[in-house]
Amino acid sequence: MITYCQRWAISLMSNDSIREIVWTLVSYILKGRVASYNQIAVMAGYPGYARFVGSVLKNLPQNTILLWFRVINTRGKLSFAVNNKNYQRQRLLLESEEVVFAGQKISLTEYAWVIKNQLNESSVM
């Protein structure tokens, strides 16, 4: 639950700043890994703002190089309807990175992005 004080503090920060934090975090997700909208929101310092993260990714320009498809919902599913062309596109992109689906679900136990893994594999951060 977000308190009034937290909402007030967030309102003082521009949406552009929050977007940049989201973009940066998403850019760190490793190939073959996924993160949830909620995970990105919490890591950005805005717990409870998973929908805002989704909105940021939804409004990326068509020619973006940001690997948005690595962000999924907390149930391990893609947020698009199964019959939607964007669902198929996201699924194909994830499968091309060897992410395996069991039906319509991804095992978060197996494919979740964990920062400590990245810190051990790279000195980016």
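Which strands do the buried residues of helix 5 pack against? Keep that in mind as we click around.

Before we start: this is a predicted model, where local features need pLDDT of at least 70, side-chain atom pairs count only at pLDDT 80 or more, and totals for chains, interfaces and linings use all residues. Residues are numbered from 1 along each chain as its sequence is written, and side-chain values use heavy atoms, with hydrogens and water left out.

**Stop 1: helix 5**

Select residues 85-96, which make up helix 5 (helices are DSSP runs of H or I with at least four residues, strands are runs of E with at least two, and both are numbered from the N terminus). Helix 5 has twelve residues and spans 16 Å from its first C-alpha to its last, close to the 16 Å expected at 1.5 Å a residue (the expected span is 1.5 Å times one less than the number of residues).

Now colour Tyr-87, Gln-90, Arg-91 and Leu-94, the buried residues of helix 5 (buried means under 20% relative accessible area, exposed over 50%, with a 1.4 Å probe and protein chains only). Look down the axis: these buried residues fall within an arc of 100°, so they line one face of helix 5 (the arc is taken from the directions from the helix axis to the C-beta atoms). Turn to the face pointing away from that buried side and you'll find exposed Lys-85, Leu-92 and Ser-96.

Back to our opening puzzle: the buried residues pack against strand 2, strand 3 (101-102) and strand 4 (105-106) (contact means heavy atoms within 4.5 Å).

**Stop 2: just past the helix**

Glu-98, just after helix 5, takes a positive phi of about 70°. Next, pick Glu-97, in the loop between helix 5 and strand 3. Is Glu-97 buried or exposed? At 11% relative accessibility, it counts as buried. Show its contacts, leaving aside neighbours within four places in sequence, and you get Lys-31, Gly-32, Phe-69 and Arg-70.

**Stop 3: helix 4 and the core**

Select helix 4, residues 50-58, where Val-53, Val-56 and Leu-57 are buried. They cover an arc of only 95° around the axis, which puts them on the same side of helix 4. Swing round to the other side for exposed Arg-51 and Lys-58.

Stay on Leu-57: not counting residues up to four places away in sequence, it touches Val-26, Tyr-37, Leu-66, Trp-68 and Val-71.
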